[in-house]
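Here's a friendly walk through one structure, taken a few side chains at a time. Have a look at the fold, then read on.

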Amino acid sequence: MIDIQIPFAELDFTYARSRGPGGQNVNRTNSAAILRWNLMSSQVISEQLKLRLQAKLAAQLTEDGDILIRSDVHRDQDQNRSECIARLHALLRKALFVPKKRVATKPSRSSVRKRLDTKRKHSETKSLRQKVK
């Protein structure tokens, strides 16, 4: 598992009016955090990983190669900023996950024999239920 630590200097935050909880206060404060991170200009990711992430996250990237994440879950700007960072790490972790290769195996002779025996018995049981001609 590849763990990427993105420096805070690469993360660009802007703030906007929140749609989330906060009552009348959301009309006055900019508590929603919007995280913008440019994948291609990042210094901590190798070129190979950049290409892999670009292919996996093509739907989430803007034309400039930015990933945008918005959080207005919390009433507090700092908590929304932390939520954005956590979502970015989860997104990168999910995109970089490589599933294990499946090793093809053959069923054993006894398992094949057992399967065919049960099929035969089931067929006999059903044929006995039919009306005699």
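Let's start with a charged pair: arginine 120 and aspartate 117 meet through their side chains in a salt bridge, at 2.9 Å from N to O. (A salt bridge here is a side-chain nitrogen of Lys or Arg within 4 Å of a carboxyl oxygen of Asp or Glu.) This is a predicted model, where local features need pLDDT of at least 70 and side-chain atom pairs count only at pLDDT 80 or more, while totals for chains, interfaces and linings use all residues. Residues are numbered from 1 along each chain as its sequence is written, and side-chain values use heavy atoms, with hydrogens and water left out.

**Salt bridges**

Searching the whole structure turns up 6 salt bridges. Here are some of them, including the one above:

| Pair | N to O distance | Place |
|---|---|---|
| Arginine 120 and aspartate 117 | 2.9 Å | α3 (residues 109-128), 3 residues apart |
| Arginine 81 and aspartate 78 | 2.7 Å | α2, 3 residues apart |
| Arginine 87 and glutamate 83 | 3.4 Å | α2, 4 residues apart |

Helices and strands are DSSP runs numbered from the N terminus (helices are H or I with at least four residues, strands E with at least two). Why do such spacings suit a helix? An α-helix has 3.6 residues a turn, so residues three or four places apart point the same way.

How open are these side chains? Arginine 120 is partly exposed at 47% relative accessible area, and aspartate 117 is partly exposed too, at 28%. In α2, aspartate 78 comes in at 43%, arginine 87 at 32% and glutamate 83 at 26%. For the cut-offs, buried means under 20% relative accessible area, exposed over 50%, and partly exposed in between, using a 1.4 Å probe and protein chains only.

**Rings**

Arginine 81 also lies over the face of phenylalanine 13, at 5.9 Å from the ring centre. (That takes NZ of Lys or CZ of Arg within 6 Å of the ring centre and within 35 degrees of the ring normal.) Phenylalanine 13 itself is buried, at 14%.

How many aromatic pairs are there in the whole structure? The search finds 2. The rings of phenylalanine 13 and tyrosine 15 have centres 6.5 Å apart and planes at 10 degrees, so they're stacked. (Rings of Phe, Tyr and Trp, the last by its six-membered ring, pair if their centres lie within 6.5 Å; planes under 30 degrees apart are stacked, over 60 edge-to-face, and the rest tilted.) Together with Phe8, these residues form one aromatic cluster. Tyrosine 15 is partly exposed, at 31%.

**Helix α1**

Leu49, Lys50 and Leu53 are buried in α1. Seen down the helix axis, the buried residues fall within an arc of 105 degrees, so they line one face (the arc is that of the directions from the axis to the C-beta atoms). What covers them includes α2 (77-96). The face turned away carries exposed residues Glu47, Gln48, Leu51 and Ala55.

**Serine 42**

Serine 42 sits in the loop between β2 and α1, and is buried at 3%. Leaving out residues up to four places away in sequence, serine 42 touches Glu10, Trp37 and Lys50, where contact means heavy atoms within 4.5 Å. With glutamate 10, the side chains share a polar contact of 2.8 Å. (That's a pair of N or O atoms within 3.5 Å; within protein, one must be able to donate a hydrogen and the other to accept it, and residues adjacent in sequence count only if both atoms are side-chain atoms.) The serine 42 side chain also reaches the backbone nitrogen of valine 44, at 3.5 Å.
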